[in-house]
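Reader: I would like to learn how to read a model of this kind, feature by feature, beginning with how far its coordinates can be trusted.

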Amino acid sequence: MSTSTLTKFPDLRRDFAASLVVFLVALPLCVGVAVASGVPAELGLVTGIVGGIVTGLMRGSSLQVSGPAAGLTVLVFEAVREFGLPVLGVIVLATGLLQMLMGALKLGRWFRAISVAVVEGMLAGIGLVLIAGQLYSVAGAEAPASGIAKITGLPGALVDAVQDTGALASLGLGAGTIAVLVLWKRMPRQVRTVPGPLAAVGLATLVAVLFGLPVATVEVQGLLGSIQPPSLDAFGELADIGLLATIAAFTLIASAESLFSAAAVDRLHDGPRTEYDKELLAQGAGNTICGALGALPMTAVIVRSAANVQAGARTKASRVLHGVWLLLFAALLPAALAYIPIPALAGILVHAGAKLIPVRGIVSLWREHRGEALILVITAVSIVAVSMFEGVLIGLALAVAKTAWEASHIKLDVIDKGAGPVQAYLSGNATFLRLPKILDSLEALPQDRPIELNLSGLHHLDHACRTALENWAERHSAAGTDPVRLDGAVVAPEAQR
């Protein structure tokens with residue numbers, strides 16, 4: 001690298017070094033996510049390449065790195081199982097086009113309005129299903145289809161693995177991979193210059209080759225052989241309502257994960273802030289190309305992004321270069337993938353899934369905001385018990401209901417001087433959610449005295465509450481009195497005497 005080049009581009013040295021670190025982190029994760037998603041390993045590399053070179057060149061978040069993400073593994077696996085690999089390209093292409101449309105309409109900023117509890121619950125649910133599913137791969141067994149079956153069947157699968165020599169070797173290799181990842185942060189600084197995922201997979205591969213362990217390895221098809229653009233017949237599946245729901249789930253989850261990752265990455269550096277609408281456009285462009293190539297969907301990935309920032313990256317050049325290194329590896333060394341043991345990749349994803357579950361966050365959230373903690377847990381459990389899409393919808397519905405309940409705070413103050421009308425003042429937001437409380441409080445007032453109900457302290461009065469107050473006033477009033485007014489004050493007198 002010449003002196004003149006460094007003078008023109010003062011950040012290039014840092015970005016070059018950071019790109020190598022990100023490449024070494026991304027390589028095993030791209031392959032592992034693809035294998036866990038039930039697609040050829042090379043498709044994970046294709047998505048990483050597009051995320052680096054295409055999305056990396058676009059405006060949005062300068063230091064955020066995109067590629068195949070563990071958070072979409074479960075959804076992709078279910079989509080491939082239900083609709084087939086040829087239709088995956090259609091799903092990803094449609095997702096990308098929707099993301100680009102939302103970015104053009106400047107809807108990216110609105111994803112920041114999604115409840116954090118729902119997003120964390122979504123990631124926790126994904127993490128649980130991912131861990132359960134990949135533990136079967138660690139044990140050399142086939143995972144059941146549903147989330148509940150994956151979890152309930154684990155004890156039996158582990159018992160069977162201990163009794164089988166081949167499965168026991170697979171289990172040991174996967175457990176060793178997880179142990180390396182957990183202990184890597186305690187290694188000397190010089191050792192930790194090698195990224196933990198690369199070290200874990202490298203050691204597992206070395207052990208499997210040296211000892212000739214009877215474990216499954218990655219199947220290699222070649223980069224060009226794996227790329228399968230969707231056919232016209234695959235686009236005909238768009239008439240399926242289930243496919244449209246899957247596209248909606250892909251769009252929601254990929255966009256939310258990318259933009260929440262951008263917010264997290266912004267907290268790691270003091271450079272330019274993320275432009276959310278442009279970042280959504282960039283993610284959409286990347287997913288559109290991935291879909292056209294029949295590859296995996298992409299999102300911004302916090303693990304790679306954090307590695308990029310911590311390695312000293314200054315500009316988008318680091319993430320673009322990481323995509324170039326992935327392309328060179330996929331073009332020149334694809335046969336090397338055939339030596340990687342699948343239990344090692346499964347171990348990496350088990351570790352990644354565990355990071356998606358905010359155990360400490362749930363504990364602290366329970367102490368401070370129990371309602372938010374319940375939303376998080378219910379969202380996660382719903383994803384495991386039902387499905388990804390329905391679980392997220394349940395979480396969003398709970399978040400909206402909780403917000404509506406808290407926003408409809410109502411207070412009734414009563415002043416009774418013993419003579420004359422009873423003065424009652426309603427303040428806050430009178431909505432149908434609080435209607436039973438309002439009516440119970442009003443009906444507890446004296447029935448044989450005139451009552452003046454003042455509504456001037458209300459910020460909001462919905463139709464249901466207005467109607468109920470009118471009916472209450474009519475019931476309380478004696479026959480033949482003046483009509484009840486519902487403006488600044490409601491007067492419900494006893495018979496005028």
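Reader: How many contacts beyond four places in sequence does the model have for residues 489-497, where pLDDT stays under 50?

Author: The score pLDDT is the predictor's confidence in each residue, from 0 to 100, and where it is low, the predicted coordinates should not be read in detail. For residues 489-497 the model has 34 contacts beyond four places in sequence, a contact meaning heavy atoms within 4.5 Å; residues 479-487, also with pLDDT under 50, have 13 such contacts. The mean pLDDT of the protein is 86, and 94% of its residues reach 70 or more. This is a predicted model, in which local features need pLDDT of at least 70 and side-chain atom pairs count only at pLDDT 80 or more, whereas totals for chains, interfaces and linings use all residues. Residues are numbered from 1 along each chain as its sequence is written, and side-chain values use heavy atoms, with hydrogens and water left out.

Reader: In which sense do strand 3 and strand 4 pair, and over how many bridges?

Author: Strands (E, at least two residues) and helices (H or I, at least four) are DSSP runs, numbered from the N terminus, and two strands pair if DSSP finds at least two bridges between them. Strand 3 (residues 410-415) and strand 4 (residues 422-430) are antiparallel, with six bridges, one of which joins isoleucine 410 to glycine 428. The two strands form a hairpin with six residues between them, and in the turn glycine 418 has a positive phi of about 90°.

Reader: What lies between strand 4 and strand 5 along the chain, and what is the hand of the crossover?

Author: A crossover is right-handed if, with the strands pointing away from the viewer, the path from the first strand over the helix to the second runs clockwise. Strand 4 pairs with strand 5 (residues 451-461) in the parallel sense over eight bridges, and serine 427 stands opposite glycine 457. The chain passes from strand 4 through helix 21 (residues 435-443) to strand 5, in a β-α-β crossover that is right-handed.

Reader: Why is cysteine 30 not bonded to cysteine 290?

Author: A disulfide is a covalent bond between the sulfur atoms of two cysteines, and here the criterion is a pair of cysteine sulfur atoms within 2.5 Å. The structure holds zero disulfides; the cysteine sulfur closest to that of cysteine 30 belongs to cysteine 290, and because they are 10 Å apart, they are too far for a bond. Cysteine 30 is buried (under 20% relative accessible area, where exposed means over 50% and partly exposed in between, with a 1.4 Å probe and protein chains only), its own value being 0%, and cysteine 290 is likewise buried at 0%.
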